[in-house]
Amino acid sequence: MKKVCFFDLPFVRQDSNAPPEHNYCRIIAGDKVFYTFTSQFSDDAVLKKLQEGDRVYIGARPLAGGSYWLH
């Protein structure tokens, strides 16, 4: 299992990068791309409150394609 990486990055945007039934969320912060399920958030409204430039602190595992899976 790949180790968890930690990042302190400026938030750029979040969007859905898959059909709605999959509940995937893509978060772009700094020059990195993170994927997660919206259901992993106890309150996914936090994603809608983020504004460009907000600092986000992220723990994630690297994926084969160079992006990360958010934890």
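Start by selecting Tyr-35 and looking straight across: Trp-69 in strand S5 stands opposite. Strands here are DSSP E runs of at least two residues and helices are H or I runs of at least four, both numbered from the N terminus. Before going further, note that this is a predicted model, where local features need pLDDT of at least 70, side-chain atom pairs count only at pLDDT 80 or more, and totals for chains, interfaces and linings use all residues. Residues are numbered from 1 along each chain as its sequence is written, and side-chain values use heavy atoms, with hydrogens and water left out.

**The barrel**

Stay with S5 and add S3: the two run parallel and are joined by two bridges. Two bridges is also the minimum for calling strands paired, since DSSP must find at least two between them. Now color by secondary structure. You should see one helix and five strands, and from the N terminus on they run β-β-β-α-β-β. The five strands close into a barrel in the order S1-S2-S3-S5-S4, with mixed pairing. On average, neighbouring strands of this sheet are turned by 55° against each other, direction ignored; the axes behind that angle are lines fitted to C-alpha atoms.

Next, pick S1 and walk to its partners. On one side, S1 and S4 run antiparallel with six bridges between them; select Phe-6 and you'll find Gly-59 of S4 as its bridge partner. Then try S2, which runs antiparallel to S1 and is joined to it by four bridges. Gln-14 is a good one to click here, with Ile-27 in S2 as its bridge partner.

**Inside: Phe-34**

Which residues have the most contacts inside the largest nonpolar core? Select Phe-34 and Ile-58, out of the 14 residues in that core. Such a core is a set of buried Ala, Val, Leu, Ile, Met, Phe, Trp, Tyr and Cys residues joined through side-chain atoms within 4.5 Å. Strands S1 (5-15), S2 (24-29), S4 (55-62) and S5 (68-70) each give two or more residues to this core, and S1 gives the most, with four.

Keep Phe-34 selected and show its surroundings. Leaving aside neighbours within four places in sequence, its contacts (heavy atoms within 4.5 Å) include Phe-7, Leu-9, Ile-27, Ile-58, Ala-60, Tyr-68 and Leu-70.

**Two stops at the end of S1 and beyond S3**

Go to Asp-15, which is found in strand S1. Its side chain makes a polar contact with the side chain of Arg-13 at 3.3 Å; the cut-off for such a pair of N or O atoms is 3.5 Å, with one atom able to donate a hydrogen and the other to accept it. Beyond four places in sequence, Asp-15 is in contact with Tyr-24, Cys-25 and Arg-26.

Now jump to Thr-38, in the loop between strand S3 (32-37) and helix H1 (45-49). Is Thr-38 buried or exposed? Buried, with a relative accessible area of 19%; the limits are under 20% for buried and over 50% for exposed, with partly exposed in between (1.4 Å probe, protein chains only). Among residues more than four places away in sequence, Asn-23, Cys-25 and Asp-44 are in contact with Thr-38. Draw a distance from Thr-38 to Arg-26 too: C-alpha to C-alpha they are 9.4 Å apart, and 12 residues apart in sequence.

**Zoom out**

Finish with the whole protein, where 32% of the 71 residues count as buried. Of the contacts between residues at least 6 apart in sequence, 51% join residues at least 24 apart.

Methods: Axes fitted to C-alpha atoms, helices over the stretch in contact; angles between N-to-C directions.
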